[in-house]
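Okay, thanks everyone, let's get going. I'll put the sequence and the structure up, and then we'll walk through it together.

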There are 2 protein chains.
Amino acid sequence: MGTTYFKIFPIGFIKNKVKGNVELVIYEKYSEGLKGLEDFSHILVFYWFHLNDSRRERETLLVHPQKNLSKPLRGVFATRSSSRPNLIGIYCAKLLERKGNTLIIDEIDALKGTPIIDIKPYIKKLDCVPEATGEI
Amino acid sequence: MGTTYFKIFPIGFIKNKVKGNVELVIYEKYSEGLKGLEDFSHILVFYWFHLNDSRRERETLLVHPQKNLSKPLRGVFATRSSSRPNLIGIYCAKLLERKGNTLIIDEIDALKGTPIIDIKPYIKKLDCVPEATGEI
């Protein structure tokens, strides 16, 4: 108990942030997996908050949203905090272009050098919920 | 090279599917992390396709969407396939109720017993893209 874990292997990384756009590089060995991605206007980018991969950040369960001390403590699962038990980040981005194994997206809420761990197409009927409520 | 990996620890599991609803149990040690989640109508549930955690499924880069052989092969990153290098699944669910560390949601595209690896609130301004195009 407590020792079971699954392994996440980086599939690429955030290479650059240029003129407001962002370049993601997917490692050559995975590039076949991108076939057909250009059919989608938007993608879900999954990444790993690698700079926070410490026991302390993983054991943090309550945070002040946006590190704003005037906001009351919330559970990390009720925020997008980069402190959480598994350091998964997600960002819904506009896919501007695919050049081989490089993806150009409009923006991402993560630093240059951040490991990418998965890419999925954004599928409106699954992912878009106009009636959703709740803000942080 | 090729051996760097990050560790994912299950934070809970899919307990039951009852009358069309689904019960997620988050382990007691993480329950504080749920504080405030009930302020959101919808949540993003991240899970692990644990039954597919084999070299074969992780090395699969091309699939027929919905296992339909009449559909041309696509890259796994351009599908929601449960075969992919990192076995992350995501589902946007309606949060019906929170009872302590149990979450009742409307549905999920995963089996009973599947490990949960993260929960995030669905935030409309980040996650809902009505103009998104592309279908599988």
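So, to warm up: how many helices and how many strands does the secondary structure of chain A come to? Before I answer, keep in mind that this is a predicted model. Right, the answer is two helices and nine strands for chain A. If you read along the sequence, the order goes β-β-β-β-α-β-β-β-β-β-α.

Some overall figures for chain A while we're here. The C-alpha trace spans about 45 × 40 × 30 Å along its principal axes. Chain A has 136 residues, and 42% of them are buried. And if you take the contacts in chain A between residues at least 6 apart in sequence, 66% of those join residues at least 24 apart.

Now let's switch over to chain B and look at the strands. Six of them make a closed barrel in chain B, in the order S2-S3-S8-S7-S4-S9, and the pairing is antiparallel. Going from one strand to the next, the twist averages 45°.

Let's zoom in on one pair in that barrel. Strand S3 of chain B, residues 21–26, runs antiparallel to strand S8 of chain B, residues 102–105, and four bridges join them. If you want a spot to click on, go to Glu23(B): what stands opposite this residue in S8(B)? That's Ile104(B).

Okay, on to the inside. As a general point, nonpolar side chains in soluble globular proteins tend to be buried together. Here, the largest nonpolar core has 74 residues. The ones with the most contacts inside that core are Ile43, Val45 and Ile116, in chain A and in chain B. In chain B, domain 1 (9–49 + 87–125) and domain 2 (56–86) both contribute residues, so the core lies between them.

Let's stay with Val45(B) for a second. Leaving out residues up to four places away in sequence, Val45(B) touches Leu24(B), Tyr91(B), Ala93(B), Ile105(B), Ile108(B), Ile116(B) and Ile119(B).

Last topic: how do the two chains relate? You can superpose chain B on chain A with a rotation of 180° and 0.0 Å of shift along the axis, and the RMSD is 0.0 Å. The two copies are therefore related as by a two-fold rotation axis. Both copies use the same surface, too: 98% of the contact residues of chain B recur in chain A. And which residue of chain B comes closest to the rotation axis? It's Cys128(B), with its C-alpha at 2.2 Å.

That's what I wanted to show, so over to you.

Definitions and conventions. Residues numbered from 1 in each chain as written. Chains lettered and ligands numbered in written order. Predicted model: local features only at pLDDT ≥ 70, side-chain atom pairs only at ≥ 80, totals over all residues. Pairing = 2+ DSSP bridges. Axes fitted to C-alpha atoms, helices over the stretch in contact; angles between N-to-C directions. Least-squares fit on C-alpha atoms with pLDDT ≥ 70 in both. Contact = placed C-beta atoms within 7 Å. Core = buried A, V, L, I, M, F, W, Y, C linked by C-beta atoms within 7 Å. Buried ≥ 20, exposed ≤ 12 C-beta atoms within 10 Å, placed from the backbone. Domains from an automatic or database assignment.
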